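Notebook open, viewer running. I want to go through the packing first, then the sheet, then the rings.

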Amino acid sequence: MTNIINGMRALCPISESTIRTLREQVEPCFFPKRYRLVQADGFCHAAYFIERGMTRSFWLVNGEEITTSFSTEGGIVFSMDELYYGKPSEEFVETLEEVEAYRIALSDLRRLFETNLELANWGRIIHQNEYRRLHRSHKERLTLPARERYEAFCRQFPDVCRRAQLGYVASYLGITLSTLSRIRSGERRTERRNLTQDKCRDV
């Protein structure tokens, strides 16, 4: 659970006692690429701490998949509809790579939030950060052109930019794949031009 523990401690203090308590409640699991961890319109009854790999969450709207978020090492994925409101999930969560994770029952996660102050504080912070991400994403969609949206996304989530398929990133940004491909092609041309200029100056 190295990546999970490091991710938690990067957000707030977590004692060894709390880590032991968490370890007692989770079980290791492994999933192949493109596995559905959470199904829309259903109950999963579990949350997944990601030790290795990447997932994406998405809505299905008129047959089209709309990517809403990505999670990587140290993150946690679950249905907020199910955890907080007892309702079926409105989103799918699927693996984009082979994933090593630790499963915890939602009932156990709720109990830990209610009885362990450190985990309750960690839960508050991850939701605080998630609200900030959603607020920023909404603002950028309304105010920034496609290129600047992509550049902001790469600064905020460089690891996702390197690992996720372009189509998923385009969906998250609310732009077409062809538009994102043109942006990426323009970036590569600029990088090659800058590299050539640097070499000329070195001669």
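For the contact lookups I count two residues as touching when heavy atoms lie within 4.5 Å. I keep in mind that this is a predicted model.

**Entry 1: the cores**

I started at isoleucine 104 and skipped its neighbours within four places in sequence. What does isoleucine 104 contact then? I found Leu22, Gln25 and Val26, then His45, Ala46, Ala47 and Phe49, and finally Leu109 and Leu112.

Next I looked up the largest nonpolar core, which has 24 residues. Ile104 is among the residues with the most contacts inside it, together with Leu22, Phe49, Ile76 and Trp122. Which elements give two or more residues to this core? I listed helices H1 (2-9), H2 (16-25), H4 (106-115) and H5 (117-143), plus strands E3 (46-52) and E8 (99-105). Apart from this core lies another one, of 17 residues. I noted Phe70, Leu96, Val169 and Ile175 among its members.

**Entry 2: the loop before E3**

I checked phi in the loop between strand E2 (36-38) and E3, where aspartate 41 sits. Most residues other than glycine have a negative phi. Aspartate 41 goes the other way, with phi near 65°. Is aspartate 41 buried or exposed? I get a relative accessible area of 72%, so aspartate 41 is exposed. Histidine 45 is in the loop between E2 and E3 as well, and its phi is also positive, near 70°. This is the His45 I had already met in the contact list of isoleucine 104.

**Entry 3: the sheet**

I traced an open sheet of 4 strands and wrote down the order E2-E7-E4-E5, with antiparallel pairing. Why is one side of E2 and of E5 (64-71) left without a neighbour in the sheet? Both stand at the edges and each has a single partner strand, so there is nothing in the sheet on the other side. I get an average turn of 35° between neighbouring strands, direction ignored.

I then zoomed in on E2 and E7 (residues 92-95), which pair in the antiparallel sense over 2 bridges. Arginine 36 has glutamate 94 of E7 as its bridge partner. On the sheet I found helix H8 (residues 166-173), which touches E4 (55-61), E5 and E7. The direction of H8 makes about 95° with that of E5.

**Entry 4: helix H6**

I picked out the buried residues of H6 (residues 146-156): Ala146, Arg149, Tyr150, Ala152 and Phe153. Looking down the axis of H6, I see these buried residues fall within an arc of 160°, so they line one face of the helix.

**Entry 5: the rings**

How many aromatic pairs does the structure hold? I have 10 aromatic pairs on the list. I looked at phenylalanine 78 and tyrosine 84, an edge-to-face pair with 6.4 Å centre to centre and 80° between the planes. Phenylalanine 78 is buried at 14% relative accessibility, whereas tyrosine 84 is partly exposed at 39%.

I also checked phenylalanine 113 and tryptophan 122, with ring centres 6.4 Å apart. Their planes are at 40°, so I logged the pair as tilted. Here phenylalanine 113 is buried at 19%, and tryptophan 122 is buried at 3%.

Last, I followed the ring pairs that link Phe70, Phe153, Phe157 and Tyr172 into a cluster. Of these, Phe153 was on my list of buried residues in H6, and Phe70 was in the core of 17 residues.

Terms used: Residues numbered from 1 in each chain as written. Predicted model: local features only at pLDDT ≥ 70, side-chain atom pairs only at ≥ 80, totals over all residues. Heavy atoms only, no water. Buried < 20%, exposed > 50% of the residue type's maximum accessible area, 1.4 Å probe, protein only. Arc of directions from axis to C-beta. Core = buried A, V, L, I, M, F, W, Y, C linked by side-chain atoms within 4.5 Å. Pairing = 2+ DSSP bridges. Axes fitted to C-alpha atoms, helices over the stretch in contact; angles between N-to-C directions. Phe/Tyr/Trp six-rings, centres within 6.5 Å; stacked < 30°, edge-to-face > 60°.
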